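Biologist: Could you take me closely through one part of this model, the packing of a pair of helices, and then set that part in the context of the strands and of the chain as a whole? I would welcome one connected account rather than a list.

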Amino acid sequence: MSQTKYIFVTGGVTSSLGKGIIAASLAKLLQARGYTTTIQKLDPYINVDPGTLNPYEHGECYVTDDGAETDLDLGHYERFLNVRTSQANNVTTGRIYQSVIEKERRGEFLGKTVQVVPHITNEIKERIQILGKSGDYDIVITEIGGTVGDIESLPYIEAVRQLLWELGDNNGIVVHLTLVPFLSAAGELKTKPTQHSVKTLMESGIKADILVCRTEHEISEDIKRKLALFCNVKQEAVIQSIDASTIYDVPLLMQEEGLDTVALEKLALPDDKVPGLDLWKQFLNRHKNPKSKVTIGLIGKYVELQDSYKSILESFIHAGAANEVKVEVRSIHSEHISKNDVDKKMMGLDGILVAPGFGERGIEGKILAVQYARENNIPFLGICLGMQMAVIEFARNVLGLENANSTEMDDNTPYPVINLMEEQKSVTNMGGTMRLGAWDCQLQNETLVQEVYGQTEISERHRHRFEFNNDYKAQMEEAGLVASGFNPKTGLVEVIEIPSHPWFVGVQYHPEYKSTVADPHPLFVGFVKAVLMQKQQTNASLA
């Protein structure tokens, strides 16, 4: 295909309608038809990236192979497409303005007055087309964050308007996602919010080519006809997006509605190839028809917002399907765990995962959860801070190093078993300064983690400042905690495990970022398998 085609996904009426899922689902369908497809997210907030955002504000910060701290929607893109994203797949207003201001300071605008139009809009257009001009993709889907009508989104909407004009007919289309609410008092679905949303879009000079209507109830043909008439789209381009039991149903629902067929027609692309979704359907079948069930405790300090641990929760879905087991995740706030109630809080758990995080709040609860898992032979997985808590717990309760800690929590700890990385000691800025992105790891032969991966050389994504203090390595290994994975260049300990335990692994990296539907992460698959086996053995011994 000679020219890359562009699809823009905008949202109206309300936020949180699921633009990311719709974009990922459409991309999946187009990919299954043989078109190389990628997705990018344009976020209208002024933060340079989500790296400094509180997880309560914006959910998890998703990290790519090249070290970009990005929006959690990029996780959906990778999980659906099984294609790696990069720095180019997520752009924020902060990054746009930062780039334009730097150009102005360098004199690149030759003394001209720098304005939103054309300078900011030109920068946005350049960023949108980076992926398209790479020659790697037939179709680039661009999700515009926020809601049409927001002040923050206006430069993006204007940039899209200009770009559609520049691309010419059949090279760019707009998919507008709106809400069709059901008023129980009237007993009917209401189209007026969608009409107003489309009108707002048209006032900005953009016509919606496809309407995707989020709804809790079936949209009748009469309502579709009405929406088509008043929103100036073809009736077949009014697509129902009804609530689904899982996000992984959405590509199949969109296929039934013909979203991919309409999109290809409007882009003047052949749609003769039937989407090959057999593997996707097999995954869904295993996910929906499990043969067993396990309960895993997710111990974290942002558990009130599920999006804070989005990739971990999705990884459990992938690993559960791979093992034909339903993984019920019980979120437990680490701040609410104390010595007096840890037994009660952990009761009924078949496995325990201690989640990533930053700062000292709630860490003592995480340490108690690790101790409970270790002493009661409950399969355990610690991720990033969770791995560090496992090291601290072992130092305190096995080595007897009272008040052992991380220097992140206690600068004056007598036993800094977790310490600030050497290259971090001169860092003063917070954003984009951690150890980020994919790094190599060498796994020790004949260890649990090497068996789980089935290889000795792996690459995993990182997001941290502190590390295992190698001064304590020999002491810990003598007592039974083995360092089973290292960075081959720096000697940084990446993985710890306890061989005498049924399944006890801590990793400094974030395996959840690389788990996809097509390729569930081996650590999560191995963990869920171990949890199931341990539960079956326990039940057998009690029978």
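Modeller: The crossing of helices α4 and α5 is right-handed, and, since everything here comes from a predicted model, that description applies to the prediction. In general, two packed helices are described by the angle between their axes and the distance between the axes. For α4, which covers residues 93-105, and α5, which covers residues 116-133, the angle is about 115 degrees and the axes lie 10 Å apart. On the α4 side the contact is made by R95, I96, Y97, S99, V100 and K103, and these meet V116, H119, I120, E123, I124, E126 and R127 of α5. Sorted by character, the residues of this contact comprise 6 nonpolar, 2 polar and 5 charged, with I96 and V100 of α4 and I120 and I124 of α5 among the residues that take part.

A second place where a helix packs is found further along the chain, this time against strands. Strands β16, β17 and β20 form an open sheet of 3 strands, in that order, with mixed pairing. β16 (405-406) and β20 (466-468) are the edge strands, each having a single partner, so one side of each has no neighbour in the sheet. Helix α15, residues 385-397, packs on this sheet and touches β16, β17 and β20, its direction making about 150 degrees with that of β17. Within the sheet, β16 and β17 (residues 416-420) run parallel and are joined by 2 bridges, and S406 has I418 in β17 as its bridge partner.

Parallel pairing also appears between β12 and β13, where residues 292-300 and residues 325-333 are linked over 9 bridges, S292 standing opposite V325 of β13. For β12, 7 of the 9 residues are buried, so the strand is largely enclosed by the rest of the structure.

The antiparallel case is shown by three strands towards higher residue numbers, with β22 taking part in two pairings. β21 (residues 482-486) pairs with β22 over 4 bridges in the antiparallel sense, and A483 has I496 of β22 as its bridge partner. These two strands form a hairpin with 6 residues between them, and in the turn G491 has a positive phi of about 80 degrees. β22 also pairs with β23 (residues 504-507), again in the antiparallel sense, over 3 bridges, with E497 opposite V505 in β23. β22 and β23 likewise form a hairpin, with 6 residues between them. For β22 itself, residues 493-497, 5 of the 5 residues are buried, so this strand is largely enclosed by the rest of the structure.

These parts belong to a chain that has 18 helices and 23 strands. Its radius of gyration is 25 Å, close to the 24 Å that the globule rule gives for 543 residues, so the chain is as compact as a globular protein of that length. Along the principal axes, the C-alpha atoms fill a box of roughly 75 × 65 × 45 Å. Buried residues account for 57% of the 543 residues, and, among contacts between residues at least 6 apart in sequence, 72% join residues at least 24 apart.

How values were computed. Residues are numbered from 1 along each chain as its sequence is written. This is a predicted model: local features need pLDDT of at least 70, side-chain atom pairs count only at pLDDT 80 or more; totals for chains, interfaces and linings use all residues. Side-chain values use heavy atoms; hydrogens and water are left out. Two strands pair if DSSP finds at least two bridges between them. Contact means heavy atoms within 4.5 Å. Axes are lines fitted to C-alpha atoms, for helices over the stretch in contact, and angles run from 0 to 180 degrees between N-to-C directions. A crossing is left-handed if the near helix is turned anticlockwise from the far one by less than a right angle, and right-handed if clockwise. Ala, Val, Leu, Ile, Met, Phe, Trp, Tyr, Cys and Pro count as nonpolar, Asp, Glu, Lys and Arg as charged, and the others, Gly among them, as polar. Buried means under 20% relative accessible area, exposed over 50%, partly exposed in between (1.4 Å probe, protein chains only). The radius of gyration is taken over C-alpha atoms; the globule rule is 2.2 Å times the number of residues to the power 0.38.
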